[in-house]
Amino acid sequence: MGLDLIFRIVLIVIIFAISLVVAMYSTYAERKIAAFFQDRIGPNRAGPWGLLQPLADGGKMFLKEEIIPTNATPFLFIVGPSLAILTACIGSAVIPWGQKMVIGGHTVDLQVTDINVGVLYIFGVVSLGVYGVMIGGWASNNKYSLLGAIRAASQNISYEISMGLSIIALLMLTGTLSLKEIAEQQHGWNWNVLHQPLGFLIFIVCAFAETNRTPFDLPECETELVGGYHTEYSSMKLGFYLFAEYINMFISSAVMATLYWGGYNYPGMDWVLAHTGPAIGPLIGTVVLFAKIFLFIFFFMWVRWTIPRFRYDQLMDLGWKILIPLAIGNIVLTGVVSTVLKHFGF
Amino acid sequence: MESLSNKKKVLEVKPLNFMERAYLPAIIGGLATTMKHFFRKPVTISYPEEKREFSENFRGMHSLKRDENGKERCTACGLCALSCPAEAITMVAAERQKGEENLYREEKYAAVYEINMLRCIFCGLCEEACPKEAIYLDGDIVPADYLRKDFIYGKDKLVEAPLNQ
């Protein structure tokens with residue numbers, strides 16, 4: 001028990017560190033990828049190929065003057081970014097990072113906790129995330145911040161519905177809310193995206209909206225709202241907001257990879273596992289999972305530098321008039337098809 | 001009213017068809033376009049290390065030339081200052097003393113020759129006006145500096161390096 005606890009604490013620290021490092025280097029990757037998409041070079045001054053750029057940016061954020069506007073509510077002004085980064089970080093707790101590892105006779109679970117309502121937990125955390133934005137925008141006492149915050153709230157509420165509905169269709173197939181079991185069911189090639197392509201499409205669109213990424217980045221729309229909800233923020237509090245966005249992107253990529261793209265499963269994994277042993281084999285699965293996550297992060301950035309921002313009424317139209325009916329249709333379709341297939345004994 | 005150019009084009013607003021309203025085909029097309037750019041060679045020139053090649057008739061910083069024996073060609077006639085539309089050039093003439101024949105080509109020379117690089121518009125009229133072929137705008141871009149007074153370039157910066165030294 002004691003050893004298990006130590007393993008778990010070590011795992012938590014590792015995952016926390018990894019999400020922070022991934023978020024840090026996502027900022028670098030974003031700038032570099034944006035540059036490549038625009039036929040430029042991107043940051044290349046700090047260290048070789050600009051690899052130390054995130055450290056320089058972080059250092060700059062820490063050293064900047066901390067400004068709390070006179071008419072802001074100081075307590076809530078500080079709570080906002082703290083809540084944003086907290087909810088961004090705790091989402092990673094239920095994601096299964098790999099199969100069970102056996103090291104020297106001890107079984108190590110590569111998941112912080114396998115709760116039986118993992119999917120609901122993720123949704124809960126994601127819904128809490130908007131409070132950070134909402135509180136921060138409200139406490140700034142600035143109309144642009146408030147508008148950004150209200151936009152964030154209404155956008156997240158609208159898209160959470162279709163996200164939840166798209167998940168329901170998936171849950172009808174998996175029959176479980178535990179992310180570990182969902183990942184195990186997709187063993188080898190049996191990935192859920194092959195059974196739920198439409199559901200995945202709805203989910204990924206909603207994931208873009210939930211993480212406030214382009215084309216749905218209306219809460220921080222520079223052209224209309226200065227900086228949106230973080231207009232009044234400076235120093236590391238602004239850094240926390242920006243960081244939270246990148247951690248959210250990492251976590252939602254991990255969730256998409258786990259729910260739809262097989263998580264740590266890959267074709268031929270049994271053969272690899274048999275040849276590398278139970279200590280190394282699961283780590284290869286983890287590497288595969290991270291490859292999938294990075295592909296999703298790349299996709300997030302690819303879309304960001306391709307598609308212009310939606311207009312606000314288009315955003316609402318898409319959410320309420322297209323995605324929700326589509327998601328409900330997907331549920332009906334899934335129910336009918338799986339019943340028919342079961343009837344004919346597939 | 002009839003338009004003069006007769007280039008009128010009537011635009012009709014057609015309602016979007018289903019494929020256009022579905023967003024996705026257009027988005028995929030856009031993603032393909034950006035992906036094409038992803039693998040294209042960057043057009044960036046990393047400025048201080050690399051420099052863009054100038055065209056042959058590029059007009060940069062001025063240089064005051066020397067003749068084949070290393071003597072300054074400028075005789076301080078003032079035609080360049082006269083021709084300068086920006087009034088960037090000033091000079092003070094002096095008489096050549098005995099023993100200075102190897103420094104200045106003719107009896108009169110410019111003791112002070114100053115060009116205000118903030119005034120100069122790099123039109124090249126000075127080099128056209130010069131009867132002695134003493135001034136050419138064949139140098140590099142004028143470098144940045146902090147103070148206005150440092151943009152007034154004297155002979156120390158303008159005169160070509162002496163021969164064989």
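**Helices, cores and exposed residues**

Modeller: In this predicted model, helices H8(A) and H12(A) cross in a left-handed way.

Colleague: Nice start! Which residues of H8(A) and H12(A) make the contact?

Modeller: From H8(A) come A:Leu198, A:Gly199, A:Ile202, A:Val205 and A:Cys206, and they are met by A:Leu323, A:Leu326, A:Ala327 and A:Asn330 of H12(A). By class, the contact of H8(A) with H12(A) has seven nonpolar, two polar and no charged residues.

Colleague: Why are H8(A) and H12(A) called roughly antiparallel?

Modeller: Two packed helices are described by the angle between their axes and the distance between the axes. For helix H8 (residues 197-210) and helix H12 (residues 312-343) of chain A, the angle is about 150 degrees and the axes are 10 Å apart. Angles over 145 degrees count as roughly antiparallel, so H8(A) and H12(A) are described that way.

Colleague: What makes H1(A) and H2(A) roughly perpendicular?

Modeller: Try the same kind of check. H1(A) and H2(A) pack at about 110 degrees, with their axes 9 Å apart. The range for roughly perpendicular runs from 65 to 115 degrees, and therefore H1(A) and H2(A) are given that name. Where they meet, H1(A) offers A:Met24, A:Tyr25, A:Thr27 and A:Tyr28, while H2(A) offers A:Gln53, A:Pro54, A:Asp57 and A:Gly58. The contact of H1(A) with H2(A) divides into four nonpolar, three polar and one charged.

Colleague: What is unusual about the phi of A:Asp39, and where does A:Asp39 lie?

Modeller: Most residues other than glycine have a negative phi. A:Asp39 is not a glycine, yet its phi is positive, at about 60 degrees. You will find A:Asp39 in the loop between helix H1 (2-37) and helix H2 (53-63) of chain A.

Colleague: How do you know whether A:Asp39 is buried, exposed or partly exposed?

Modeller: Count its neighbours. A:Asp39 has 13 other C-beta atoms within 10 Å. Buried needs 20 or more and exposed needs 12 or fewer, so A:Asp39 is partly exposed. A:Gly335, which sits in helix H12 of chain A, has 14 such neighbours and is therefore partly exposed too.

Colleague: And why does B:Glu133 count as exposed?

Modeller: B:Glu133 has 11 C-beta neighbours inside 10 Å. The cut-off for exposed is 12 or fewer, so B:Glu133 counts as exposed. B:Glu133 has a positive phi of about 50 degrees, although it is not a glycine. Its loop runs between helix H4 (125-129) and strand S4 (135-136) of chain B.

Colleague: Which residues have the most contacts inside the largest nonpolar core?

Modeller: They are A:Ala84, A:Phe203, A:Cys206, A:Ala244, A:Ile247 and A:Phe250, in a core of 85 residues. Helix H10 (residues 235-259) of chain A gives the largest share of this core, 14 residues. There is also a second, separate core of 16 residues, and B:Cys80, B:Tyr113, B:Cys120 and B:Ala134 are among them.

Colleague: What is A:Cys206 in contact with, leaving aside its neighbours within four places in sequence?

Modeller: A:Cys206 is in contact with A:Tyr159, A:Ser162, A:Met163, A:Ser166 and A:Leu323.

Colleague: How many residues does the contact take from chain B and from chain A?

Modeller: The contact takes 10 residues from chain B and 10 residues from chain A. On the side of chain B that touches chain A, five are nonpolar, four are polar and one is charged.

Technical notes:
Residues are numbered from 1 along each chain as its sequence is written. Chains are lettered from A and ligands numbered from 1 in the order in which they are written. This is a predicted model: local features need pLDDT of at least 70, side-chain atom pairs count only at pLDDT 80 or more; totals for chains, interfaces and linings use all residues. Axes are lines fitted to C-alpha atoms, for helices over the stretch in contact, and angles run from 0 to 180 degrees between N-to-C directions. Helices (H or I, at least four residues) and strands (E, at least two) are DSSP runs, numbered from the N terminus. Angles under 35 degrees count as roughly parallel, over 145 as roughly antiparallel, 65 to 115 as roughly perpendicular and the rest as oblique. A crossing is left-handed if the near helix is turned anticlockwise from the far one by less than a right angle, and right-handed if clockwise. Two residues are in contact if their C-beta atoms, placed from the backbone, lie within 7 Å. Ala, Val, Leu, Ile, Met, Phe, Trp, Tyr, Cys and Pro count as nonpolar, Asp, Glu, Lys and Arg as charged, and the others, Gly among them, as polar. A nonpolar core is a set of buried Ala, Val, Leu, Ile, Met, Phe, Trp, Tyr and Cys residues joined through C-beta atoms within 7 Å.
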